[in-house]
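Visitor: Please pick one part of this protein and go through it closely. I would like to know what lies on either side of it and how covered it is.

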Amino acid sequence: MEKIEYRVLIKFFGLNDSTPTEIHTELLKVLEDDPREGRPKTATTPQIIQQVHDTVLDDRRVKVRAIAEAIGISKQRIGNSLHEELHMKKLCARWVPHLLTIDQNRIRMRISQVCLDRFKQNKMDFKRRFTTIDKNWIHHYTPEQKEQSKQWIEASGSAPKKAKMVPSAGKVMATVFWNCKGVLLIDYLQKDKTINSEYYCNLLDQLDAKIREKRPALKKKRIIFHQNNGRAHTSVLAMAKFNELKYELLEHPVYSPDLAPSGYYLFPNLKKPLAGKRFTSTDEAIAAVNGYFADFPESYFNNGIELLEKRWNKCIEVSGNHIEK
């Protein structure tokens, strides 16, 4: 179409009181598929689309510009082939605890299915008897999270700058035992000490006493206990202690914080109110953590345990891969 013909159409739409945006939209509807000088007629043939697909499969990080130069068509047509024809998108890599092997994926699927079957036998009874434990460092200072640094600016303004900070050296290890009704026991270990088998067994004795004190209805029930695969947790002494306490151990796959209630729920939520705060001592940090957990109703902890069913199902659905947030 000649330029003068474009002008006639624009004038016609203008006489009908169309806005510039509306005129542009109407022109696109009618003219976007018109042949244009220099536009290859074979840009979206099956052969070209397959060539684009092969290029991407050879190098997942290849840029659209590089594909366009290699094949000899426009970046716009490459983008159309990728998004509209091949239904592909380019995403940033996300951090995961560990790059899982095929065998580890299968183990995660198997264990998730076993746990799911156990859960479905009697959901109410499972949640009531379920107790879990995990550890997390509490720093005297934890930098603000990216989301917390958001602020309103003018539309024409640029993103605010912020110096990169690292967590403080001062810290204390919090070992938290909890269930669907709340926290049962928190132990705080100084940074220059470690949790060995003897120390862990002592914590299990303290936990059992707390369960009898805080959850008397569970005295005659067998606790379903969930933990990760740390050395102290799976040692001979720990296994003997679980046998002595008559706890039922729930299997947990390695490198799987995404399948642990503390890993996907309790600790991520704990980090938000602590981020950006400075504590002058370990005692002050401990008081902040204790205060944080004391403010929640039972429903908060129950929600964290209920998410296990969804997580196990999702793990099976994605063939054992790590679960997105």
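Guide: What follows looks at strand S2, after a few words on the whole protein, and ends with a helix for contrast.

This is a predicted model, in which local features need pLDDT of at least 70 and side-chain atom pairs pLDDT 80 or more, while totals for chains, interfaces and linings use all residues. Residues are numbered from 1 along each chain as its sequence is written, and side-chain values use heavy atoms, leaving out hydrogens and water.

First, the setting. The protein has 13 helices and 5 strands (DSSP runs numbered from the N terminus, H or I of at least four residues for helices, E of at least two for strands). Of its 325 residues, 38% are buried (under 20% relative accessible area with a 1.4 Å probe, protein chains only; over 50% is exposed, and in between is partly exposed). Take the contacts (heavy atoms within 4.5 Å) between residues at least 6 apart in sequence: 73% of them join residues at least 24 apart.

Now the strand itself. S2 covers residues 171–179. Of these 9 residues, 8 are buried, which leaves the strand mostly covered.

Next, its partners (two strands pair if DSSP finds at least two bridges between them). One partner is strand S1, made of residues 130–139. S1 and S2 run antiparallel and are joined by 9 bridges. To find one place where they meet, go to Trp137, whose bridge partner in S2 is Met173.

The other partner to look at is strand S3, residues 182–190. Here too the sense is antiparallel, with 8 bridges between S2 and S3. Val176 can serve as a marker, as Ile186 in S3 stands opposite Val176. The link from S2 to S3 is a hairpin, and 2 residues make the connection.

One residue brings these pieces together. Thr175 belongs to strand S2. Why does Thr175 count as buried? Its relative accessible area is 1%, so Thr175 falls under the limit for a buried residue. Leaving aside residues up to four places away in sequence, Thr175 touches Ile133, Asp134 and Lys135, among others. These three numbers fall within the range of S1, 130–139. Thr175 also touches Leu185, Ile186 and Asp187, and those numbers fall within the range of S3, 182–190. Ile195 and Leu203 are on the list of contacts of Thr175 as well. When you view the side chains along S2, keep one rule in mind: in a regular strand they alternate between the two faces of the sheet.

For contrast, turn to a helix. The buried residues of helix H5 are Arg77, Ile78, Gly79, Ser81 and Leu82. H5 itself spans residues 75–85. Part of the cover over its buried residues comes from helices, including H3 (46–58) and H4. Just after H5 comes His87, which takes a positive phi of about 55°.

To go over the main part again: S2 has S1 as an antiparallel partner through 9 bridges and S3 through 8 bridges. Within S2 lies Thr175, buried at 1% relative accessible area.
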